[in-house]
Amino acid sequence: MPSERLLLALDYGGTKLTAAAATPDTAGREWRVRRSIPSPPGADARYDQFTMLALADEVLAGDRPAAVGVSFGGPVNAAASLVLLSHHVRGWENTPLRAQLQSRFGAPCFMDNDANAAALGEWRFGAGQVEARPVASLLYVTVSTGVGGGWILDGRIHGGAEGMAGEIGHTMVDPAGPLCICGRRGCVESIASGPNLARRARERLMAEPEAGRVLRELVSGNLEAVTAERVARAAEAGDELAEAVLTEAARALGHGLGTAITLMNPQRVILGGGVTKAGERWWRAVRSAARANVLPGMTVDIVPAALGDDAPLWGAVALAMTGN
Ligand SMILES: [Zn+2]
């Protein structure tokens, strides 16, 4: 017999696999059990599948779930039945993961990509709540290794025709900007993601040997050790080169957010991911660039995420609860 109240949440992330069980009455606050394991470099889909099922069995401890929710680190098709590919792990192409999990656990399974799942998680349990009620519409954006996003419109994930809506990281903010991983130029991600922010700081340090004293000291002169987090720390300590690079990155993101806000007029924008820990200077620049790029009178409410790294996993719970 399935347990009426037990929900299984699975997060196939780029660097780790997580399985957790929750019940509806404590969802968003407390896991019943949560197990996570790093996905080693070089792991393939078969390894991930095997490891995740072992984690899930451990979490369920012999119980059968009422429903399964899945957050996947890569595109899934619009019907959310197939994994199209993983951004991080080879061998996932066109995997019918939903059907496989439904037959393995004997329960309905609901799946989406990690950005959409995180958006749903924040909407249902996190920063998408205002006075204990969910906002009508929100854009969630994660700013870390990449820049991704998801829309919640009228309480549902808006995936678009191909399930790819919300890809704000690949909207263009500078036609002459740096080459992006997607093959085009000047995308938000090419300027604002953590690795690109660090790369731009490194380039400036090489071009201006007299500048960036604090940042150089922070990495003991080893430019390879420059990270977004260290650029933020140097900016905090008054390093002008670091301040300039950090502000450029924040402005590129804010500019992209302004475009999205102008198009869709969401009630709230939520930002998560490691780069959002870059401090008040970064947040100020994001908000002011967004405000400068929307029509007068439009709501620009940009707030930090509340659920941290567990946002996609709580989103998987919300998927399992609603079949969204
Ligand atoms: Zn791009």
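Which strands does helix 2 (residues 97-105) lie across? In this predicted model, where local features need pLDDT of at least 70, side-chain atom pairs count only at pLDDT 80 or more, and totals for chains, interfaces and linings use all residues, helix 2 lies across strand 1 (7-12), strand 4 and strand 5. Residues are numbered from 1 along each chain as its sequence is written, and side-chain values use heavy atoms, with hydrogens and water left out. Helices (H or I, at least four residues) and strands (E, at least two) are DSSP runs, numbered from the N terminus. Lying across something involves contact, meaning heavy atoms within 4.5 Å. Helix 2 runs at about 150 degrees to strand 5; axes here are lines fitted to C-alpha atoms, for helices over the stretch in contact, and angles run from 0 to 180 degrees between N-to-C directions.

The sheet under helix 2 comes next. Strand 1, strand 4 and strand 5 belong to an open sheet of 5 strands, ordered 3-2-1-4-5 and with mixed pairing. Two strands pair if DSSP finds at least two bridges between them. Strand 3 (33-38) and strand 5 (109-113) sit at the edges with a single partner strand each, so one side of each has no neighbour in the sheet. On average, neighbouring strands of this sheet are turned by 10 degrees against each other, direction ignored.

A hairpin of 3 residues links strand 1 to strand 2, and these two strands pair in the antiparallel sense over 6 bridges. Within that pairing, Tyr 12 has Leu 17 of strand 2 as its bridge partner. Strand 2 also pairs with strand 3, again antiparallel and over 6 bridges, with Ala 20 opposite Arg 34 in strand 3. Strand 2 is mostly covered, as 6 of its 7 residues are buried (buried means under 20% relative accessible area, exposed over 50%, partly exposed in between, with a 1.4 Å probe and protein chains only). Towards the other edge, strand 4 (residues 67-72) and strand 5 run parallel, joined by 5 bridges, and Val 70 stands opposite Met 111 in strand 5.

Helix 10 (residues 311-322) lies across strand 1, strand 2 (16-22), strand 3, strand 4 and strand 5, at about 135 degrees to strand 1. Helix 2, for its part, packs with helix 1 (residues 45-60) at an angle of about 35 degrees, their axes 13 Å apart. On the helix 1 side, the contact is made by Gln 49, Leu 53, Ala 56, Asp 57 and Leu 60, while helix 2 brings Leu 97, Gln 100, Leu 101, Arg 104 and Phe 105. Sorted by class, that makes 6 nonpolar, 2 polar and 2 charged residues. Here Ala, Val, Leu, Ile, Met, Phe, Trp, Tyr, Cys and Pro count as nonpolar, Asp, Glu, Lys and Arg as charged, and the others, Gly among them, as polar.

There is also an open sheet of 5 strands with the order 10-9-8-11-12, and its pairing is mixed. Strand 10 (156-158) and strand 12 (302-304) are the edge strands; each has a single partner, so one side of each is left without a neighbour in the sheet. Its neighbouring strands are turned by 30 degrees against each other on average, direction ignored. Strand 9 (residues 147-153) pairs with strand 10 in the antiparallel sense over 3 bridges, and Trp 151 faces His 158 in strand 10. Helix 3 (residues 114-125) lies across strand 8 (137-143), strand 9, strand 10 and strand 11 (268-272), at about 50 degrees to strand 9. Helix 9 (residues 280-292) lies across strand 11 and strand 12, at about 155 degrees to strand 12.

What about the interior? A nonpolar core is a set of buried Ala, Val, Leu, Ile, Met, Phe, Trp, Tyr and Cys residues joined through side-chain atoms within 4.5 Å. The largest one has 48 residues, of which Val 141, Leu 253, Leu 257, Leu 271, Trp 282 and Ile 302 touch the most other members. Helix 8 supplies the largest share of this core, 11 residues. Another core, of 30 residues, lies apart from it and includes Phe 110, Ala 119, Leu 313 and Trp 314.

Out in the loop between strand 10 and helix 4 (188-192) is Ile 181. Ile 181 is exposed, with a relative accessible area of 76%. Leaving aside neighbours within four places in sequence, Ile 181 is in contact with His 170 and Glu 189.
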